[in-house]
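Work through the exercises below with the sequence and the coordinates at hand. Each task is followed by a stepwise solution.

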Amino acid sequence: MDKERFLERCKSKDYSESQLKQIVQAANFAQEKLKGKFRLNGTVLEHNFRVAFILVDNNSPPEVVIAGLLHGFSGHKEEITKLFGAEVWGLVQGAEDVKELKSKNKSLQAEALKKILLTTLSDVRVILVKLANKLDNLRTIEFLSPEEQHRISQEVLDVYAPLAYRLGVEKLRVELEDLAFKVINPQKYAEINKYLHTSSEQREKDIAEAIESIQLLVKGKVSLLKIKGRS
């Protein structure tokens, strides 16, 4: 994911000119500060652009998109506050607070962690940033060890997918669950995927046959422009 593709996606949304200007400024800021920083699956900058892209795709407000671009910038409070405002800094710091909370409470059960996140965070928009971050991690999870893949996927199923459901972000929830389940139980995932593909083909065949039957039934009796069906 590069800056140009990310910005093109932003321009396709309903952000105002001033909002787009702020997003461009944040993209440039991230590009400057993250230059030369790497993670297992590429650069940190690419990861941040992908996280922000996910947020844009889910119609997140501009301040959340900017927080996605700048997540992990915990040491730049003054600069971020000056350039993008206290609201954006609060979201960036909130995402870091979640990371610290988890690292200090590794033995917490999933339900307890969900309750803590929902009750202690002052802004639930922070969870949107974390959800996008987790989704990108799942999309690139093959770079991690099998043990780490399993740990992250189980955490997503136990904590983050339910949070996505609570917040009503269905598109994120569905992909989080699908990718995490694929890691946890690849055989069952393959079986379900094959079944859905097969049943989809059958539904399409049934619809085509139904349309043909209707056309034959009304031929010469009713004038039909077009018959459409959906599975």
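**Exercise 1. Contact range, extent and burial**

Task: Among contacts between residues at least 6 apart in sequence, what percentage join residues at least 24 apart? Then describe the extent and burial of the protein.

Solution.
- Step 1. In this predicted model, 63% of the contacts between residues at least 6 apart in sequence join residues at least 24 apart.
- Step 2. The radius of gyration of the protein is 22 Å, whereas a compact globule of 231 residues would have one near 17 Å.
- Step 3. The C-alpha trace spans about 75 × 45 × 35 Å along the principal axes.
- Step 4. Residues that count as buried make up 38% of the 231.

**Exercise 2. Order of elements**

Task: How many helices and strands does the protein have, and in what order do they run?

Solution.
- Step 1. The protein contains eleven helices and two strands.
- Step 2. Read from the N terminus, the order is α-α-β-β-α-α-α-α-α-α-α-α-α.

**Exercise 3. Packing of α1 and α2**

Task: Which class of relative orientation describes α1 and α2?

Solution.
- Step 1. Two values are needed, since packed helices are described by the angle between their axes and the distance between the axes.
- Step 2. For helix α1 (residues 3-11) and helix α2 (residues 17-33), the angle is about 165° and the axes are 11 Å apart.
- Step 3. Angles over 145 degrees count as roughly antiparallel, so α1 is roughly antiparallel to α2.
- Step 4. The two helices cross in a right-handed sense.
- Step 5. From α1, the residues K3, F6, L7, C10 and K11 meet L20, I23, V24, A27, N28 and Q31 of α2.
- Step 6. Sorted by class, this contact has seven nonpolar, two polar and two charged residues.

**Exercise 4. Packing of α8 and α9**

Task: Classify the orientation of α8 with respect to α9, and place S153 in α9.

Solution.
- Step 1. Helix α8 (residues 125-139) and helix α9 (residues 146-167) have axes that come within 10 Å and cross at roughly 140°.
- Step 2. This angle makes α8 oblique to α9.
- Step 3. The crossing of α8 past α9 is left-handed.
- Step 4. On the α8 side the contact uses I127, L128, K130, L131, K134 and L138, and on the α9 side I152, S153, E155, V156, Y160, L163, A164 and L167.
- Step 5. These residues divide into ten nonpolar, one polar and three charged.
- Step 6. S153 lies in helix α9 and has a relative accessible area of 0%, so S153 is buried.
- Step 7. Apart from neighbours within four places in sequence, S153 contacts L138, I141, A180, V183 and I184.

**Exercise 5. Helix α4 and its flanks**

Task: How many residues of α4 are buried, and what covers them? Is N59, in the loop between α3 and α4, buried or exposed?

Solution.
- Step 1. Nine of the nine residues of helix α4 (residues 62-70) are buried.
- Step 2. They are P62, E63, V64, V65, I66, A67, G68, L69 and L70.
- Step 3. Their cover includes α1, α2, α3 (44-57), α5 (77-84), α6 (86-104) and α8.
- Step 4. In the loop between α3 and α4 sits N59, which is not a glycine yet has a positive phi of about 60°.
- Step 5. Exposed means over 50% relative accessible area, so N59, at 58%, counts as exposed.
- Step 6. After α4 comes G72, with a positive phi near 95°.

Technical notes:
Residues are numbered from 1 along each chain as its sequence is written. This is a predicted model: local features need pLDDT of at least 70, side-chain atom pairs count only at pLDDT 80 or more; totals for chains, interfaces and linings use all residues. Side-chain values use heavy atoms; hydrogens and water are left out. Axes are lines fitted to C-alpha atoms, for helices over the stretch in contact, and angles run from 0 to 180 degrees between N-to-C directions. Helices (H or I, at least four residues) and strands (E, at least two) are DSSP runs, numbered from the N terminus. Angles under 35 degrees count as roughly parallel, over 145 as roughly antiparallel, 65 to 115 as roughly perpendicular and the rest as oblique. A crossing is left-handed if the near helix is turned anticlockwise from the far one by less than a right angle, and right-handed if clockwise. Contact means heavy atoms within 4.5 Å. Ala, Val, Leu, Ile, Met, Phe, Trp, Tyr, Cys and Pro count as nonpolar, Asp, Glu, Lys and Arg as charged, and the others, Gly among them, as polar. The radius of gyration is taken over C-alpha atoms; the globule rule is 2.2 Å times the number of residues to the power 0.38. Buried means under 20% relative accessible area, exposed over 50%, partly exposed in between (1.4 Å probe, protein chains only).
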